[in-house]
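Dear colleague,

I am passing on a structure to you with this email, and I would be grateful if you would open it and keep it beside you while you read.

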Amino acid sequence: MNTNFALLARFESPFVALKDISKEFLGITPNTAEQKAKACDLPFPTVKLRDSERSPTMVKIEDLAEYLDKRYEAAAKEWQSVQAH
């Protein structure tokens, strides 16, 4: 199954709030994720849909899917190298 399609089906939107994915997909608290987003220290870009500090920080589903797919590819390569020996 396509990761992008699965995430779109799950979140029913092309964008998802960073706080809603931080623990599950990044393993960090929403506060830490927010700090990393402000420092541009996340593995994908984030956006605020309004010019307001109170506006939620959002992640494009496509970018999250690409990040997850890259992490999987790296893990699969490592697994393959271990299996080959």
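What follows is a short account of the sheet and of two residues.

Please bear in mind that this is a predicted model. I begin with the sheet, which is open and made of 3 strands in the order 1-3-2, with antiparallel pairing. Strand 1 (15-17) and strand 2 (47-48) stand at the edges, and because each has a single partner strand, one side of each is left without a neighbour in the sheet. Strand 2 and strand 3 run antiparallel and are joined by 2 bridges, and Val47 has Met58 in strand 3 as its bridge partner. Across strand 1 and strand 3 lies helix 4 (residues 61-84), which runs at about 65° to strand 3.

Within strand 3 (residues 57-60) you will find Thr57, which has a relative accessible area of 6% and is therefore buried, since buried means under 20%. The side chain of Thr57 makes a polar contact of 3.3 Å with the side chain of Lys48. Not counting residues up to four places away in sequence, Thr57 also touches several others, including Val16, Ala17, Glu34 and Val47.

Lys23, in turn, belongs to helix 2 (residues 18-26), and with a relative accessible area of 59% Lys23 is exposed, because exposed means over 50%. If neighbours within four places in sequence are left aside, Lys23 is in contact with Ile28, Thr29 and Pro30. Lys23 and Ala33 are 10 residues apart in sequence, while their C-alpha atoms are 8.8 Å apart in space.

With kind regards

Notes: Residues are numbered from 1 along each chain as its sequence is written. This is a predicted model: local features need pLDDT of at least 70, side-chain atom pairs count only at pLDDT 80 or more; totals for chains, interfaces and linings use all residues. Side-chain values use heavy atoms; hydrogens and water are left out. Helices (H or I, at least four residues) and strands (E, at least two) are DSSP runs, numbered from the N terminus. Buried means under 20% relative accessible area, exposed over 50%, partly exposed in between (1.4 Å probe, protein chains only). A polar contact is a pair of N or O atoms within 3.5 Å; within protein, one must be able to donate a hydrogen and the other to accept it, and residues adjacent in sequence count only if both atoms are side-chain atoms. Contact means heavy atoms within 4.5 Å. Two strands pair if DSSP finds at least two bridges between them. Axes are lines fitted to C-alpha atoms, for helices over the stretch in contact, and angles run from 0 to 180 degrees between N-to-C directions.
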